Amino acid sequence: MTLTISSTISVLLTVFFMFAGSIKLLGWQKFIFETQLSFFKKYGLNRAAMFAVGMVEFTASLLLLAALYLGDIQWQSIGAALIAVTSIGALGFHYRFDKWSDAIPAAVTLLLALLLLMVNV
């Protein structure tokens, strides 16, 4: 199997958002969970909001994974769009409440998601 640009980006986003989403959902990695929760609280959001973001992130990663397995660019596009939306939200909160450097991961995931959407057009 050869990895195309879109499948490489999908794998990267899938791994990142399965990891990030699962921590927001289950809290299995204590240090990262507490760091993320402190960000949410600083933004005036609660654990339920963090859980909802985790659901969107994890769902997007499952869609990307399904797209890789099935070769379906529609699922890939929906997953990438969900990641783009959550990344835009993260950028907004980071720019408003944090240092610009805290927004770098969200900026990278937004760029990768947009690139994935562009190659599927």
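In the predicted model, Ser10 is located in helix H1. With a relative accessibility of 0%, Ser10 counts as buried, because the limit for that class is under 20% relative accessible area. The side chain of Ser10 forms a polar contact of 2.6 Å with the side chain of Gln76. When neighbours within four places in sequence are left aside, the residues in contact with Ser10 are Leu64, Leu68, Gln76 and Leu116.

Two of these contacts of Ser10, Leu64 and Leu116, also appear in the description of the nonpolar interior. The largest nonpolar core comprises 14 residues, and those with the most contacts inside it are Leu13, Leu64, Ile83, Leu91, Ala113 and Leu116. Helices H1, H3, H4 and H5 are the elements that contribute two or more residues to this core. For Ile83, again leaving aside neighbours within four places in sequence, the contacts are Leu13, Phe17, Ala60, Leu64, Thr109 and Ala113. Another core, of five residues, lies apart from the largest one; among its members are Phe33, Leu37, Phe40 and Met50. In soluble globular proteins, nonpolar side chains tend to be buried together.

Three residues named in the second core, Phe33, Leu37 and Phe40, also belong to the buried set of helix H2, which consists of Phe33, Leu37, Phe39 and Phe40. These buried residues lie on the same side of H2, because they cover an arc of only 155° around the axis. The elements that cover them include H1, H3 and H4. Helix H2 has 13 residues and spans 18 Å from its first C-alpha to its last, close to the 18 Å expected at 1.5 Å a residue. At the N-terminal end of H2, Gln29 acts as a cap, with a side-chain oxygen 3.2 Å from the backbone nitrogen of Phe31. Beyond the other end, H2 is followed by Gly44, which has a positive phi near 85°.

A search of the whole structure identifies three salt bridges. In one of them, the side chains of Lys24 and Glu57 meet at 3.1 Å, N to O. Lys24 belongs to helix H1 (residues 5-26) and Glu57 to helix H3 (residues 47-70), so this pair ties together parts that are 33 residues apart in sequence. Both partners fall under the 20% limit for burial: Lys24 has a relative accessibility of 6% and counts as buried, and Glu57, with a relative accessible area of 7%, is buried as well.

The side chains of Asp98 and Lys42 meet in a salt bridge at 2.4 Å, N to O. This pair links distant parts of the chain, 56 residues apart: Asp98 is in the loop between helix H4 (73-97) and helix H5 (104-119), whereas Lys42 is in helix H2. Asp98 counts as buried at 14% relative accessibility, while Lys42, at 44%, counts as partly exposed.

A salt bridge is also formed by the side chains of Glu34 and Lys30, at 3.3 Å, N to O. Both residues lie within helix H2 (residues 30-42), where a separation of four residues corresponds to about one turn of the helix. Glu34 has a relative accessibility of 42% and counts as partly exposed. Lys30 counts as exposed at 57% relative accessibility, because the class of exposed residues begins over 50%.

How values were computed:
Residues are numbered from 1 along each chain as its sequence is written. This is a predicted model: local features need pLDDT of at least 70, side-chain atom pairs count only at pLDDT 80 or more; totals for chains, interfaces and linings use all residues. Side-chain values use heavy atoms; hydrogens and water are left out. A salt bridge is a side-chain nitrogen of Lys or Arg within 4 Å of a carboxyl oxygen of Asp or Glu. Buried means under 20% relative accessible area, exposed over 50%, partly exposed in between (1.4 Å probe, protein chains only). The expected span of a helix is 1.5 Å times one less than its number of residues. The arc is that of the directions from the helix axis to the C-beta atoms. Contact means heavy atoms within 4.5 Å. A polar contact is a pair of N or O atoms within 3.5 Å; within protein, one must be able to donate a hydrogen and the other to accept it, and residues adjacent in sequence count only if both atoms are side-chain atoms. A nonpolar core is a set of buried Ala, Val, Leu, Ile, Met, Phe, Trp, Tyr and Cys residues joined through side-chain atoms within 4.5 Å.
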